[in-house]
Amino acid sequence: MSKKELGLNTICTHIGEIKDEQFKGAISPIYLSSSYEFLDVDVKRYPRYFNTPNQEYLSKKVAALEHKETAMIFGSGMAAISHMFLAFLKSGDHIVVQNTLYGGTSNFIREEFPKLNIGFTFTDGYAVEDFEKAIQPNTKLIHIETPSNPLLTITDIKAVAQLAQSNYIVTSIDNTFASPVNQNPADFGIDLIMHSATKYFGGHSDICAGAVAGSKEHMDRIWNVSKNYGGSLSDFTVWMLERSMKTMGLRVKAQTKNAKKMAKWLEQHDAVKKVYYPGLKSHPQHELAKAQMKGFGAMLSFELIASIDSVKFQKALKLIKASMSLAGIESTMLSPAQTSHSLLSQAERDAIGISDGLIRFSVGIESVRDLKDDIEQALKQL
Ligand SMILES: *Cc1c(COP(=O)(O)O)cnc(C)c1O
C-alpha cells in the first residue's frame, strides 16, 4: 500500500515506526547513540546530520502526512523556518512574505536579513495581486501562513503557488495553525511545508520542535545548510514527538469540532462583538477556506464588547488558561494587544485590526459545555 492510500490515523500511528527486531516490542525503540559506525557504511549517521534512526523514521511520518517525498525534524519551529529560508536565499536575493506572520518569523526576517543582505517585502494584503506586486527580479522564495495569526485570514494557496511557478519562484508555507489534519498545501502546489511541531504535532505543551517537508531535491538543499548551522532535535524528544503524533488525528479533529461549536456560540453571545473563525459563514473567506481546508482548525479569535476588560476577563477564567503558546489539548487564551503584539503602537495595532478586546482562543479537547460555563462564570464576575 502506498502512503497516500493509508488513512490519517493509520499514518499517525504507524508510518515511521522502527521495528524492534531484538525484543519485538510494540513501539519504536529509542536510539540515543550520538556515535555510529563510520567505516564501510552507506549512511553516516550523526545527530546533527538529522539522520539518527529516530530522526530519520519520524521524518517519514511528517512526509506522509504532508504528501511530500521527504522531511526533516528540527529543534524548534524557528530552527525549521530559519534553515529553510537560508537554504533558498543568499546575499542579493529577495523574499516575498505575507503581511502578517508569526511574530518570531517576522522578527527573524526583520532582524537577520538586513545583516545578510537579503531583501524582503511584506505584502500589503492577502490577495494574490498583493503577492504579484511584491515580486522582484531577484525574488527566490514566497512564504505564506494561512490561516493567519491572530485574525485567521485565509490566503489562496493555489493562486499563490501558481503565481510563483509561473515566475520560477519556490514557495513555502507555515502550516502550523491548520496542521496536516486540516490542510495539505502540497495538494495545491506548495513546495515546502513547515511546522512548529511545538504546537499540534506535540499537542501536550511539553515539546519544542519543528519540521519541514518537501521534495528530495529541495530537502537536500535544506540539509546542506542545516548540517552547518546545527538545529537538530535530540533523539529523546524525537521519540516523544512520535508518541504525540500517534494521536494527532484524533486530537486535532476533536479540537476542530470544539472550535466550531465555540465559534458559533461566541458569535451569538451578547458580550462578544465579533468572532474570527474560517468555519463561520460570516467569515469573509469562508468559501476559500472550504476549498482548501479539510477542517477549519481549532484556532479562533474574538473581540469582547468595549465595556469588558479582556485582561480581567482572562484572569476570571478558571478552566481556560491564559497562556503564551497554543495547540495543546488544554484550551488557552491570549490577548495579542497585551502579549504578542504589545511592542506595536496603538496606531499600528489598529491598522492591522488588533483591538485591546481581541482574544485568541486555542480550543482544546475539553467538553464544550465546560468551556462555555467557564466563560459565562468569568463574564458574571466582571
Ligand atoms: C510557534 C510558532 C512558530 C515558531 O515555533 P517554535 O517552535 O516556537 O520555534 C512558527 N509559526 C507559527 C505559526 C507558530 O505558532
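Around the ligand, counting residues with a heavy atom within 4 Å of it, we find Ser76, Gly77, Met78, Tyr102, Glu145, Asp174, Thr176, Ser196, Thr198, Lys199, Ala209 and Leu326. This is a predicted model, in which local features need pLDDT of at least 70 and side-chain atom pairs pLDDT 80 or more, while totals for chains, interfaces and linings use all residues. Residues are numbered from 1 along each chain as its sequence is written, and side-chain values use heavy atoms, with hydrogens and water left out.

The shell comprises 4 nonpolar, 5 polar and 3 charged residues; here Ala, Val, Leu, Ile, Met, Phe, Trp, Tyr, Cys and Pro are nonpolar, Asp, Glu, Lys and Arg are charged, and the others, Gly among them, are polar.

Consider next the polar side-chain atoms facing ligand oxygen atoms, taking pairs of N or O atoms within 3.5 Å. For Thr198 the distance to a ligand oxygen is 2.5 Å, for Lys199 it is 2.7 Å, and for Ser196 it is 2.9 Å. The protein buries 92% of the 380 Å² that the ligand exposes when taken alone, by the Shrake-Rupley method with a 1.4 Å probe.

I turn to the sheet. Its 7 strands (DSSP E runs of at least two residues, paired through at least two bridges) form an open, mixed arrangement in the order S1-S7-S6-S5-S4-S2-S3. Strand S1 (70-74) and strand S3 (119-122) are the edges, each pairing on one side only. S1 pairs with strand S7 (residues 210-214) in the antiparallel sense over 5 bridges, and Phe74 has Gly210 of S7 as its bridge partner.

Key
Polar contact = N/O pair within 3.5 Å; in protein donor to acceptor, adjacent residues only side chain to side chain. Helix = DSSP H or I, 4+ residues; strand = E, 2+ residues; numbered from the N terminus.
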